[in-house]
Amino acid sequence: MSHFGLSALGLYSSVLEPRLLAETEAFYAAEGRDLVNDCISAGSGEPGATAVGECLRHAEQRLGDESRRASAMRLEAGTCRALVRHTEMNLIGRHVSSLLSAGFDAMCDSRRLDDLARLHR
């Protein structure tokens, strides 16, 4: 039995998975909000491309961290995909328009190709 028998008892999909996804969403919603607010406020004192690039690098690192953590926990494949989706949407996806406004033109002007590639992913 996987997950200590929770699947066999029907608790995995009815209790564990929804709670895990909700907690993940709440955690990364707060982190994403703080990250983007810090990025935008930092961009007012430095070139926007630099601040947005740092924000994107941080988000990329966190997405990798969450993906590795989900794999290490040996969760069901659908749960792993959902965790990464929730992380991506709440950490960065909900804030794309703010990030674009804060530094997209500057990233293009300064040819920050790595950061533009991160934004595209």
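Q: Where is Glu88 found?
A: Glu88 sits in helix α4, which covers residues 77-91. Keep in mind that this is a predicted model.

Q: OK, and is Glu88 buried or exposed?
A: Somewhere in between: Glu88 is partly exposed, and its relative accessible area is 33%. The in-between label fits because buried means under 20% and exposed means over 50%.

Q: So which residues does Glu88 touch, if I skip those up to four places away in sequence?
A: Glu88 touches Leu63, Gly93 and Arg121.

Q: What about Glu66, how far apart are Glu88 and Glu66 in space?
A: Going C-alpha to C-alpha, 9.6 Å lies between Glu88 and Glu66. In sequence, they are 22 residues apart.

Q: Switching topic: what makes the nonpolar surface patch of about 200 Å²?
A: Val96, Leu100 and Phe104 make that patch.

Q: Where is Phe104 found, then?
A: Phe104 is in helix α5, residues 96-109. Phe104 is partly exposed, with 31% relative accessible area.

Q: Which residues in α5 are buried?
A: Leu99, Gly103 and Met107 are buried there.

Q: Where does α5 bend?
A: At Gly103, by about 55°. That's one of the buried residues I just named.

Q: And how far does α5 reach from its first C-alpha to its last?
A: With 14 residues, α5 reaches 19 Å, close to the 20 Å expected at 1.5 Å a residue.

Q: Last one: which residue with a positive phi follows α5?
A: That's Arg111, with phi near 50°.

Key: Residues numbered from 1 in each chain as written. Predicted model: local features only at pLDDT ≥ 70, side-chain atom pairs only at ≥ 80, totals over all residues. Heavy atoms only, no water. Helix = DSSP H or I, 4+ residues; strand = E, 2+ residues; numbered from the N terminus. Buried < 20%, exposed > 50% of the residue type's maximum accessible area, 1.4 Å probe, protein only. Contact = heavy atoms within 4.5 Å. Patch = residues over 30% accessible without salt bridge, like charges linked within 9 Å, V, L, I, M, F, W, Y side chains within 5 Å. Areas by Shrake-Rupley, 256 points an atom, 1.4 Å probe, with all protein chains shown as cover. Salt bridge = Lys/Arg side-chain N within 4 Å of Asp/Glu carboxyl O. Expected span 1.5 Å × (residues − 1). Bend = angle between axes of the 7 residues up to and from the residue.
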